[in-house]
Amino acid sequence: WWGSVEPAAKDPILGVTEAFLADPSPDKVNVGVGAYRDDNGKPVVLECVREAERRIAGKLNMEYLPMGGSVNMVEETLKLAYGENSEFIKDKRIAAVQALSGTGACRLFADFQKRFRPDSQIYIPVPTWANHHNIWRDAQVPQRTFHYYHPETKGLDFASLMDDVKNAPNGSFFLLHACAHNPTGVDPSEEQWKEISYQFKVKGHFAFFDMAYQGFASGDPERDAKSIKIFLEDGHLIGIAQSYAKNMGLYGQRVGCLSLLCEDEKQAVAVKSQLQQIARPMYSNPPVQGALIVSTILGDPELKKLWLKEVKVMADRIIGMRTALRENLEKLGSPLSWEHITNQIGMFCYSGLTPEQVDRMTNEFHIYMTRNGRISMAGITTGNVSYLANAIHEVSKS
Ligand code: LMR
């Protein structure tokens with residue numbers, strides 16, 4: 001039956017974790033996958049999550065959630081993106097369903113796009129999270145790209161981005177990272193977001209925001225939703241993929257949300273029913289535990305306060321590691337500029353290392369990172385930062 005099946009290519013991100021786990025070296029360092037670690041390099045379960053687990057334990061049954069998932073979780077999640085007192089929430093204009101984290105939310109949207117706008121394409125930034133390409137490919141939505149990152153300045157290529165927005169056919173679909181762009185750590189400024197939003201309005205484009213890192217850009221989830229706020233104020237009907245993998249550390253719980261802002265309540269009801277119909281043959285209904293953890297935390301003012309504090313602790317530790325990595329490189333006398341390490345934001349540093357240099361990092365120093373030169377800052381600790389800096393210096397100096 002399966003004789004013609006060739007092994008699949010390794011995933012460019014999760015394949016790095018596999019290689020890391022298989023390496024017996026005691027020196028090995030994993031700065032591949034975007035998963036938060038504490039300063040001892042250990043995975044973290046937030047205290048607010050532990051407390052929510054304690055409150056939930058033994059109290060609830062294990063019945064199916066509705067196809068659209070937990071109503072409470074979705075409601076709290078919308079407040080984080082659209083604002084606590086959003087008129088769109090009050091007016092029931094948002095079609096929203098629980099999704100299997102950010103990936104699931106993007107995939108549901110991509111399938112929905114294909115079903116109801118079968119001739120449309122999706123414009124994706126260069127570069128982007130590798131899985132975005134897989135998601136829209138499998139949903140059979142043709143992909144186009146738009147300029148985003150400037151390799152020389154290691155910042156945003158705003159002029160080319162705006163040209164691409166202007167040159168795309170009217171009414172195109174664009175994938176935007178709401179904050180803490182993955183993999184580059186480069187976000188548009190507030191002024192630039194305003195210009196992008198304005199141009200989207202002129203062209204009648206549709207903005208689909210992937211917001212996988214809300215809280216990791218500034219340490220404050222509300223501030224990190226700025227791009228969305230700007231688009232909403234300008235009257236766009238947008239879509240958003242939200243995830244609690246990173247900002248609540250609920251990676252394996254697969255809890256997130258897909259929402260689409262509609263013209264009115266009637267349209268939102270119709271859209272939601274169609275999203276549920278896409279979910280039904282794929283996974284029927286989403287898992288319950290992660291959604292309960294989220295709604296328990298966000299539904300309790302004290303726990304929510306604790307969560308916000310803990311998000312900030314994570315974001316601040318990463319900022320501290322940016323400074324430490326840059327200082328270590330400068331101390332080693334690297335002639336290159338490492339300013340971008342502290343200029344970039346969120347969980348990642350787009351180091352500028354070439355694929356060949358990355359291979360040397362792995363083969364000679366047992367440091368595991370993606371071949372595009374992305375370093376997960378969350379994997380850096382006070383214990384490994386000088387080792388990492390030394391390796392970067394060695395592979396980049398000649
Ligand atoms: C990453 O970019 O490392 C994360 O989003 C994890 C993943 O699934 O790729």
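# How the labels are earned: a predicted model

Guide: Let us start at Pro127, which is found in the loop between β3 (122-126) and α6 (130-138). Please keep in mind as we go that this is a predicted model.

Visitor: How do you know that the peptide bond from Val126 to Pro127 is cis?

Guide: By omega: for the bond from Val126 to Pro127 the angle is near 0°, and the bond is listed as cis. A cis peptide bond also joins Asn182 and Pro183, with omega about 15°. Pro183 has its place in the loop between β7 (173-177) and α8 (190-203).

Visitor: Which residues surround the ligand?

Guide: Asn182 is one of them. The others in the shell are Ile13, Val33, Gly34, Trp129 and Asn131.

Visitor: How do you know how that shell divides into nonpolar, polar and charged?

Guide: Take the names in turn. Ile, Val and Trp count as nonpolar, while Asn counts as polar, with Gly placed among the polar residues too. That gives three nonpolar, three polar and no charged residues around the ligand.

Visitor: What makes α2 roughly antiparallel to α13?

Guide: Helix α2 (residues 47-56) and helix α13 (residues 301-331) pack at an angle of about 150°, with their axes 8 Å apart. Angles over 145 degrees count as roughly antiparallel, so α2 earns that description relative to α13. The contact is made by Glu47, Cys48, Glu51 and Ala52 of α2, meeting Leu303, Leu306, Trp307 and Glu310 of α13. Sorted by type, the residues of this contact are five nonpolar, no polar and three charged.

Visitor: Why is Lys154 called buried?

Guide: Count its neighbors: Lys154 has 21 other C-beta atoms within 10 Å. The cut-off for a buried residue is 20 or more, so Lys154 qualifies as buried. You will find Lys154 in the loop between β5 (149-150) and β6 (155-156). Its phi is near 55°, a positive value in a residue other than glycine.

Visitor: And why is His366 called partly exposed?

Guide: His366 has 19 other C-beta atoms within 10 Å. Buried needs 20 or more and exposed needs 12 or fewer, with partly exposed in between, so His366 is partly exposed. His366 sits in the loop between α15 (355-365) and β12 (367-368), and its phi is near 60°, again positive in a residue other than glycine.

Visitor: Which residues of helix α10 are buried?

Guide: In α10 (residues 226-233) they are Ser227, Ile228, Ile230, Phe231 and Leu232. The buried residues of α10 pack against α3 (71-82), α8, β8 (206-211) and β9 (239-243). Just after α10, Gly235 takes a positive phi of about 85°.

Visitor: Stepping back to the whole chain, how do you know that its radius of gyration agrees with a compact globule?

Guide: Set the two values side by side. With 398 residues, a compact globule would have a radius of gyration near 21 Å, and the protein chain has 21 Å, so the two agree. Along its principal axes the C-alpha trace spans about 65 × 55 × 55 Å.

Visitor: How many helices and strands does the protein chain have, and what share of its residues is buried?

Guide: The protein chain has 16 helices and 13 strands. Buried residues make up 47% of the 398 residues. Among contacts between residues at least 6 apart in sequence, 76% join residues at least 24 apart.

Methods:
Residues numbered from 1 in each chain as written. Predicted model: local features only at pLDDT ≥ 70, side-chain atom pairs only at ≥ 80, totals over all residues. Near = placed C-beta within 6 Å. Axes fitted to C-alpha atoms, helices over the stretch in contact; angles between N-to-C directions. Helix = DSSP H or I, 4+ residues; strand = E, 2+ residues; numbered from the N terminus. Parallel < 35°, antiparallel > 145°, perpendicular 65-115°, else oblique. Contact = placed C-beta atoms within 7 Å. Rg over C-alpha atoms; globule rule 2.2 N^0.38 Å.
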